[in-house]
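Biologist: Please take one part of this model and go through it closely. I am a first-year student, so keep the sentences short and explain the terms.

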Amino acid sequence: MNITILGSGFAALTAIKQTRKQAPNANITVIAPREEFVYMPSLIWIPSGLRKGSDLKINLHNFFNRQKVEFIEASVENVTDGGRTVITTQGEYRNDGLIIASGGRFIKKLPGIEHAITPCEGIAAAEKIKSRLDSMSGGTIAIGFGGNPKEPSAMRGGPMFEFLFGIDNLLRKQGRRDQFKLVFFNPAPEPGKRLGPQVPEKLGAMMAKKGIETHLGNKMVGFEETTVKTEGGEFHADLILFMPGMTGPAWLPNSELPKSEGGMIKADMHCLVEGYENTYVAGDAGSYPGPDWQAKQAHAADLQANAAAKNLVKSLNGQTDFEAFKHELICIVDTLKHGILIKRTEKGTTLLPPCRLLHVAKRVFEWLYIRQYK
């Protein structure tokens, strides 16, 4: 078997491990721009100094050697021939089977969005937030997120709640919270509802208790250097953190791969690209059938990658007993001091109150997760 995996994020690394487990003798080629993995969930701890960027950046050379994969440092430009050829900046690569796990990208169409910091763009963005906070003596900090109206699952709201409560606690710890106004904004009237029907009320009560103002239910219009503009009015902000909705990878619009309305790769419940053979997608690049509360998060990417790898190897072996990936949303909304566990499955939602132990649990999970790739 000659299997190619695109990417070096959560979905890609899980796909590598599972593919090697299922096919010990397969030739596995990994194509990604860098031979490194960034543990994105812990970006929330960079502004407080709890983590440095270097703590979250993992060189994958040793992991790739252990997994006996060939790494190609290149950027994908297209996927052709029914998935059998990957065109990159370093040439073309053929395969018998393909797993696309190259992630998505943020929609940067709002006028003036360059004035806002998008935290989950990576370490540099989180470090910029820290630098700006350290240099401010007071003012208004606006924190919000948007979505992709044509792809309801293509949003990252959880981290923005973490930045909101984390910055609030950081300023309190520094003894200067009274010099700042925090404003949470969102075009939805009940942000966080995807996490569970009772979640918006709980999060709203937390914001009210902490003196965080809200600007909700108004469609975004754009930004200026010190202004957030919505259809319901505009307000001043000295620092703006905004997570826009997501769409597919940059190379996808020019590809023949089937695309959803929101610009993601269309896949079925087995993570197989619609209308293709032996071509799978896992993680942020894909659009999957399922409940409307699906989210773009690392846990979902891992579940999809496991299914994609198992199903690809089964297909190449002539088997047809494919596995559907599990729909499950799990996150610990961290506040620097406490953690709030939210778990949602098709059976319902579990929401635990703020707990110091869950903050510790999130840090332990980070350590365990990163360790396997060093």
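Modeller: What follows is a close look at one small sheet, with a short word on another loop.

This is a predicted model, where local features need pLDDT of at least 70, side-chain atom pairs count only at pLDDT 80 or more, and totals for chains, interfaces and linings use all residues. Residues are numbered from 1 along each chain as its sequence is written, and side-chain values use heavy atoms, with hydrogens and water left out.

Start with strand β22, residues 329-334. Strands (E, at least two residues) and helices (H or I, at least four) are DSSP runs, numbered from the N terminus. Of the 6 residues in β22, 5 are buried, so the strand is mostly covered. Buried means under 20% relative accessible area, exposed means over 50%, and partly exposed lies in between, with a 1.4 Å probe and protein chains only.

Now add strand β23, residues 339-345. It pairs with β22 in the antiparallel sense, over 6 bridges. Two strands count as paired if DSSP finds at least two bridges between them. In general, strands of a sheet pair through backbone hydrogen bonds, either parallel or antiparallel. You can follow the pairing residue by residue. I330 has K343 in β23 as its bridge partner. V333 stands opposite I340 in β23.

Next, look at the turn. β22 and β23 form a hairpin with 4 residues between the strands. L336 sits in this loop between β22 and β23. Its phi is near 85 degrees, a positive value in a residue other than glycine. Most residues other than glycine have a negative phi.

Then widen the view. The open sheet has 3 strands, in the order β22-β23-β24, and the pairing is antiparallel. β22 and β24 (348-351) stand at the edges, each with a single partner strand, so one side of each has no neighbour in the sheet. On average, neighbouring strands of this sheet are turned by 10 degrees against each other, direction ignored. For such angles, axes are lines fitted to C-alpha atoms (for helices, over the stretch in contact), and angles run from 0 to 180 degrees between N-to-C directions.

Finally, set L336 beside K68. K68 also has a positive phi, near 55 degrees, and is not a glycine. K68 is found in the loop between α3 (61-67) and β5 (69-73). At 62% relative accessibility, K68 counts as exposed.
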